[in-house]
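My notebook is open, and today I want to look at how two chains meet and how some of their strands line up. Come along and check each entry against the picture.

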Protein chains: 2
Amino acid sequence: MKEFNLEQYLPHLSIDCVIFGYEGKELKILISKSKFGDNLWALPGGYIKKTESIDNAASRILFERTDLKNIYLEQFRVFGSETRIIQSSFNETMRAGYRQYDSNRFTDEVISWLTDRFVCIGYYALVDIQKVTTQTGEFDQLLEWRNIHDLPVMMHDHNDIVLEALTALRLNLDSKLIGFNLLPEVFTMREIQELYEAVYERSFAINNFQKKILDLKVLERLEKKFTGAQNKAPYLYRFAK
Amino acid sequence: MKEFNLEQYLPHLSIDCVIFGYEGKELKILISKSKFGDNLWALPGGYIKKTESIDNAASRILFERTDLKNIYLEQFRVFGSETRIIQSSFNETMRAGYRQYDSNRFTDEVISWLTDRFVCIGYYALVDIQKVTTQTGEFDQLLEWRNIHDLPVMMHDHNDIVLEALTALRLNLDSKLIGFNLLPEVFTMREIQELYEAVYERSFAINNFQKKILDLKVLERLEKKFTGAQNKAPYLYRFAK
């Protein structure tokens, strides 16, 4: 394989994506097992082409791993310590891993570039896991959905990046509901409450929660589906256009 | 003057600071008139040294212009369009301006570097204007406090950066009150309300506002000062330690 093409990217600048998925009442994230070492885990990330905006770079990185387009991504923080990557305990492992994997593709110059200081722009997305077809990117051995409470130690500061993403997600979740298209087309009040409970990791009182959500005035209530046990059937909702 | 030292900085990465100040019930920002052109205005900004974190770079840039240390700064957004700077209508003016100002310091190589693509990390601070001693940085002809409604057209996307900073400031201002140390040591309820009114550009009903602020449970009420007209004297508050 030919040499990794450094020239197309902005140096010292990377993007890492925290891709939240919601499935079976659990909040999960998509993590990558690296090609370049044993049991080396990371967030799906990449670099920014000189010809693309940072938002488009994040969308491309997301698309490469999930086959999803037009997913709402949000920048949430820049990670810019001067010792980031270069003083990471994983740095030596990564250098050896690249070299061993393919020394034609990963020349000394390329390895220096990849293991130098990087300022990382963190993006998060929230996706419906059912709609995702995971596919490995150029640096991934495999990709896996993991419950946010069951994450391995990841390389560099990636576990901290997840915590920051979670904090950002919890901030003003109400205003993000529609953008994320996280829930199915129609859903019950119970389902939306379960989503909130998974994100905030706490339970909400049903009556208060229902009032709070209805007060957002973003939901449209549909007719009850006739089930033969009509009184027990919950109302279905969808987001108002 | 010797050549501008490019080597010390990360390329393609800049910081611009929206320094909000509060004075006489007005919300203002500090803007810079550039050395490199006529009537060219910009946000106070700069580059990131290879040896410093992005947060420290932002603090240094703030310190260079205000002589203030230990001011709370918050990253609020990254501006990363692929056409940023390079397709700005100001780019040609800047090139000519640098050259004309000092062609020894601003060589062709330096000018190319300065007018290439930059991903800009936006930071904002909120300071007490009384405590600021403005001082020009290396790129400033002068610095000026301007009401946020009375800003000139600034270079590149700097007016948009201000709007984004204002949006970010308004988000969860409650949780930022203490960190900003914006108000004097002790203050009245009226003063804190005036600050909110300046930031949100709207009036608040006195009773509701007072309840909302007290519910934050961050204020400590002090004794009324004896003024001879004791019933009319407002309570003074300070932030609880």
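**Entry 1: polar contacts.** Before counting, I wrote down what a polar contact is: a pair of N or O atoms within 3.5 Å, where, within protein, one must be able to donate a hydrogen and the other to accept it. The model is predicted, so I kept in mind that side-chain atom pairs count only at pLDDT 80 or more. How many residue pairs are in polar contact between chain B and chain A? I found 12 residue pairs, with both residues at pLDDT 80 or more.

**Entry 2: salt bridges.** I then looked for salt bridges across the interface of chain B and chain A, and the rule finds zero.

**Entry 3: which parts of chain B touch chain A.** I listed the elements that give two or more residues to this side: β1 (9-23), β4 (45-49), β5 (73-79) and β6 (119-128) of chain B. Which of them gives the most? It is β1(B), with four residues. I also sorted this side of chain B by class and noted nine nonpolar, seven polar and six charged residues.

**Entry 4: the contact as a whole.** Chain B and chain A each bring 22 residues to the contact. About 1,700 Å² is buried between the two chains, and carbon and sulfur atoms give 59% of that area. On the chain B side, I noted that Gln75(B), Val78(B) and Arg117(B) lose the most area to chain A, together 26% of what that side buries.

**Entry 5: a sheet in chain B.** Next I followed an open sheet of three strands in chain B, with the order β8-β10-β9 and antiparallel pairing. Why is one side of β8 (187-188) and of β9 (219-221) left without a neighbour in the sheet? Both strands of chain B stand at the edges and each has a single partner strand, so there is no neighbour on one side. I traced three bridges between β9(B) and β10 (residues 236-239) of chain B. One pairing to find on screen is Leu219(B), whose bridge partner in β10(B) is Phe239(B).

**Entry 6: over to chain A.** Here I read the strand order β8-β10-β9 in an open, antiparallel sheet of chain A. Three bridges join β9(A) to β10 (residues 236-239) of chain A. I spotted Glu220(A) opposite Arg238(A) in β10(A).

**Entry 7: a record to compare.** UniProt, in an unreviewed entry, places "domain: Nudix hydrolase" at residues 10-168 of chain A. Over residues 10-168 I noted 26% helix and 35% strand, with the end C-alpha atoms 26 Å apart.

Definitions and conventions
Residues are numbered from 1 along each chain as its sequence is written. Chains are lettered from A and ligands numbered from 1 in the order in which they are written. This is a predicted model: local features need pLDDT of at least 70, side-chain atom pairs count only at pLDDT 80 or more; totals for chains, interfaces and linings use all residues. Side-chain values use heavy atoms; hydrogens and water are left out. Two strands pair if DSSP finds at least two bridges between them. UniProt positions are given in the numbering used here, feature names are shortened, and annotations may be inferred rather than shown by experiment. Contact means heavy atoms within 4.5 Å. Buried area is the accessible area (1.4 Å probe) that two parts lose on being put together, summed over both. A salt bridge is a side-chain nitrogen of Lys or Arg within 4 Å of a carboxyl oxygen of Asp or Glu. A polar contact is a pair of N or O atoms within 3.5 Å; within protein, one must be able to donate a hydrogen and the other to accept it, and residues adjacent in sequence count only if both atoms are side-chain atoms. Ala, Val, Leu, Ile, Met, Phe, Trp, Tyr, Cys and Pro count as nonpolar, Asp, Glu, Lys and Arg as charged, and the others, Gly among them, as polar.
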